[in-house]
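Hi everyone, thanks for coming. Let's take a friendly walk through a structure together, and please have it open on your screen as I talk.

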Amino acid sequence: MAQTVFIEAINQAIIEEMRRDENVFMMGEDIRRSVYGATANLLSEFGEKRVLDTPLSENGFFGAAIGASLVGMRPIVETLTSFMWVGMDQLISQAAKMRYMFGGQATLPVVYRASMFYGGGSAAHHSDRSYPMFMNMPGIKIIVPSNPADMKGLLKSAVRDNDPCIVFEDGTLAGMRGEVPENEDLPENELVVPFGQAQMVREGTDCTIVGVAGGVNIAASVSDQLAQEGISVEVIDPRTLVPLDKKMILSSVEKTGRLVITDPAHKVCSAASEIASIVAEEGFWSLQAPIQKVASEQVHIPYTPALEPHVYPDVEKVTAAVRRTLES
Amino acid sequence: MDIDRDLLLLMLRRMWMIRNFELKVMEVHSAGEFAGGAHPYIGEEAVAVGACAALEDTDYIAGNHRSHGHPIAKGGRVDKAMAELYGRTDGYCKGKGGSMHLADYSIGILGESGILGSSVPVAVGAALAASIKGEKFVSLAFFGDGASNQGALHESMNLASVWSLPIIFICENNQYAVTTSYAETVAVEHVSDRASAYNMPGILVDGQDAIAMYEATAAAVSRARAGDGPSLIEGLTYRFEEHSLGLGRVRRGEYRTQEEIDTWRKRDPLDILEQNIIAQGVATRKECDDINAETAEEVEKATEFARNSPFPEPSDLFDDMWADPIAFP
């Protein structure tokens, strides 16, 4: 096992997939010089045709990726969540809808890698955590890795998947180190993490926390701290939101009887909302306490460090939520 | 340019096919045989047919809401198109797309888009694939004067130009975005003038003249295949009917004078092509009339085919959502 930084895991996945399949190519803003670090060394190995620096034209190049995918290519587009708004028409009107609208004729193996920079004073225009909005729109697979190994394995799966995928890369994890298995140590000689399979991050019996993206680390810290008090908290990382492994979540709640969800997206109609509603509908009789959502406050991201941290879920808020479930 | 006799007759056949298809659609729509909107292409047939006559089956097109003409011009099947309008399982999209979303991936029709300008970046992407792979196919995007104001168009033309992509932008300037004149909404005199901002040829063509459209497109296609980049062609044309079927019943206020409509109707693209064909001795009056009658007959059969095709079952609702299926929540 090698200790790998999250952003390096992205780079490894891209390089491996571009070597494996010549139809895979990268496009985005400032990727040749790897401004964000994930596209380092691509230009020298794969050349200008397969590593495209785009103009600032999200609607144009998001759509060009779709068109290329329709005729046999496998584009990976690098962008930021906050720039996705500019290209929303292509993501929604075309990527999400084409296959169904054309009766299954269109196949779109296109991947959008969307960085979520929040928590670092980036203010309202650079801090979006927008995956719940895409959950509401059928037709896009939604990937939310929480550690370097999953980042690598899920991105490789996304490139091979034949449907449009958006990989939400949590910027709070960009420098996170984690164990990523060496390819030669793996049975298939590569790391591929399938969609729709949640991961049990901590086992526990008193309460379940489902963490989304950066929320998983918070949940794991809470579990570790509460363990010292003899409170046993199970932590589940869904890893993909579309498809969602609701089976693991429901069976965990069946065991613990309590559910907290921590989600860095805004609280209203969040991933946490959807998971809460699934458990309320399908796991109600297992519940011994009201479900607790710990998501971002329904307010824009303020620039000042005096205010920004108050928006997001943190260890303190999640711990308090677990305690509330145990009081009932 | 010396145009092959067979190609001229194919163009005439496809134009009659579109005309007769649209006349039938208007008839059965007003009889209430299917629901939803439909946007007749009558009056504009020469634009799509002339442009697509310059393409191969291996080339790609993408279009818009006025969507029946493009696929027929590219060689699509009227039976599957009509069945789609009827919402039946034998339709091009198994009834899931309807009038505004015809597509035939077997002959490079990537699909029509109800959001205007939205299919143009997609067409650019097909051209990008040709460029990356070093293949010789080209891509062609149809859009209207209204969509020429969309950011998607401008982003697409710039992208295509900086990457020198093999794409032809075809503006079907029918002069009105629903009821709003392009003269009031387009800042240049001709949409084709916009090409200069993107360093590509901009060619204004008489959109009622199929041969002129063919010649301009063929030159742009040669340029694209040679790796010399995109072109913008504006076919100046006119929509003989209302924006969409049924709109005449709901809109208030005139936006075109009767004189203007009459003037343009005298420039019927079918008359213009037939006169040319007859004058060149390519076909007789009777042969032209036979083509009209044969296509009307084919459309009649297509309509029967559509009427007799079954509706999808409710259990078909979830089909075709995913290429690699996942469980539905």
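Let's begin with strand β14 of chain A, residues 292-296. Of its 5 residues, 4 are buried, so this strand is largely enclosed by the rest of the structure. Before I go on, please keep in mind that what you see is a predicted model.

Who is the partner of β14(A)? Strand β13 of chain A, residues 259-266, pairs with β14(A) in the parallel sense, over 5 bridges. If you'd like one position to click on, find Ile261(A), which stands opposite Lys293(A) in β14(A).

Now move along to another strand of chain A, β2, which covers residues 24-28. How many of the 5 residues of β2(A) are buried? The count is 5 of 5, so β2(A) too is largely enclosed by the rest of the structure. You can look at β2(A) one face at a time. On one side sit Val24(A), Met26(A) and Gly28(A), and on the other Phe25(A) and Met27(A); all of them are buried, so both faces are covered.

β2(A) also has strands to pair with. It runs parallel to strand β4 of chain A, residues 74-80, and 5 bridges join the two. Within that pairing, Met26(A) stands opposite Ile76(A) in β4(A). Then there is strand β3 of chain A, residues 51-53, which pairs with β2(A) in the parallel sense over 3 bridges. There, Gly28(A) has Asp53(A) as its bridge partner.

Let's zoom out to the whole of chain A. Chain A has 12 helices and 14 strands. Its C-alpha trace spans about 60 × 45 × 40 Å along the principal axes. Is that spread out or compact for 328 residues? A compact globule with 328 residues would have a radius of gyration near 20 Å, and chain A has 20 Å, which agrees. Buried residues make up 57% of the chain. And if we take contacts in chain A between residues at least 6 apart in sequence, 79% of them join residues at least 24 apart.

Chain A also comes in parts. The domain assignment gives domain 1, residues 2-185, and domain 2, residues 199-327. The centres of these two domains, taken over C-alpha atoms, are separated by 26 Å. Where they touch, domain 1 of chain A gives 23 residues and domain 2 of chain A gives 24. Which elements of domain 1 give two or more residues to that side? They are α7 (131-135), β6 (141-143), α8 (148-160) and β7 (165-170) of chain A. The residues on this side of domain 1 divide into 14 nonpolar, 5 polar and 4 charged.

Time to meet chain B. Here the secondary structure comes to 12 helices and 8 strands. Its C-alpha atoms fill a box of roughly 55 × 50 × 45 Å along the principal axes. For 329 residues, a compact globule would have a radius of gyration near 20 Å; chain B has 19 Å, which agrees. Buried residues make up 53% of chain B.

How do the two chains meet? Their contact takes 39 residues from chain B and 41 residues from chain A. On the chain B side, β2 (109-112), α5 (119-133) and α6 (151-162) each supply at least two residues. The largest share comes from α5(B), with 9 residues. By type, this side of chain B divides into 24 nonpolar, 9 polar and 6 charged residues.

That takes us to the inside. In soluble globular proteins, nonpolar side chains tend to be buried together. Here, the largest nonpolar core has 198 residues, and the members that touch the most others are Ala123(B) and Ile167(B). Domain 1 and domain 2 of chain A both give residues to this core, so it lies between them. Try selecting Ala123(B) on your screen: its contacts include Gly67(A) from the other chain, along with Tyr60(B), Leu110(B) and Ile167(B).

One last stop is Asp319(B), in the segment after α12 (285-308) of chain B. Is Asp319(B) buried or partly exposed? It has 15 C-beta neighbours inside 10 Å, so it counts as partly exposed. Asp319(B) and Lys94(B) are 225 residues apart in sequence, and their C-alpha atoms are 10.0 Å apart in space.

Thanks for listening, everyone!

Notes: Residues numbered from 1 in each chain as written. Chains lettered and ligands numbered in written order. Predicted model: local features only at pLDDT ≥ 70, side-chain atom pairs only at ≥ 80, totals over all residues. Core = buried A, V, L, I, M, F, W, Y, C linked by C-beta atoms within 7 Å. Buried ≥ 20, exposed ≤ 12 C-beta atoms within 10 Å, placed from the backbone. Domains from an automatic or database assignment. Contact = placed C-beta atoms within 7 Å. Nonpolar A, V, L, I, M, F, W, Y, C, P; charged D, E, K, R; others polar. Rg over C-alpha atoms; globule rule 2.2 N^0.38 Å. Pairing = 2+ DSSP bridges. Lists of a residue's contacts leave out its neighbours within four places in sequence.
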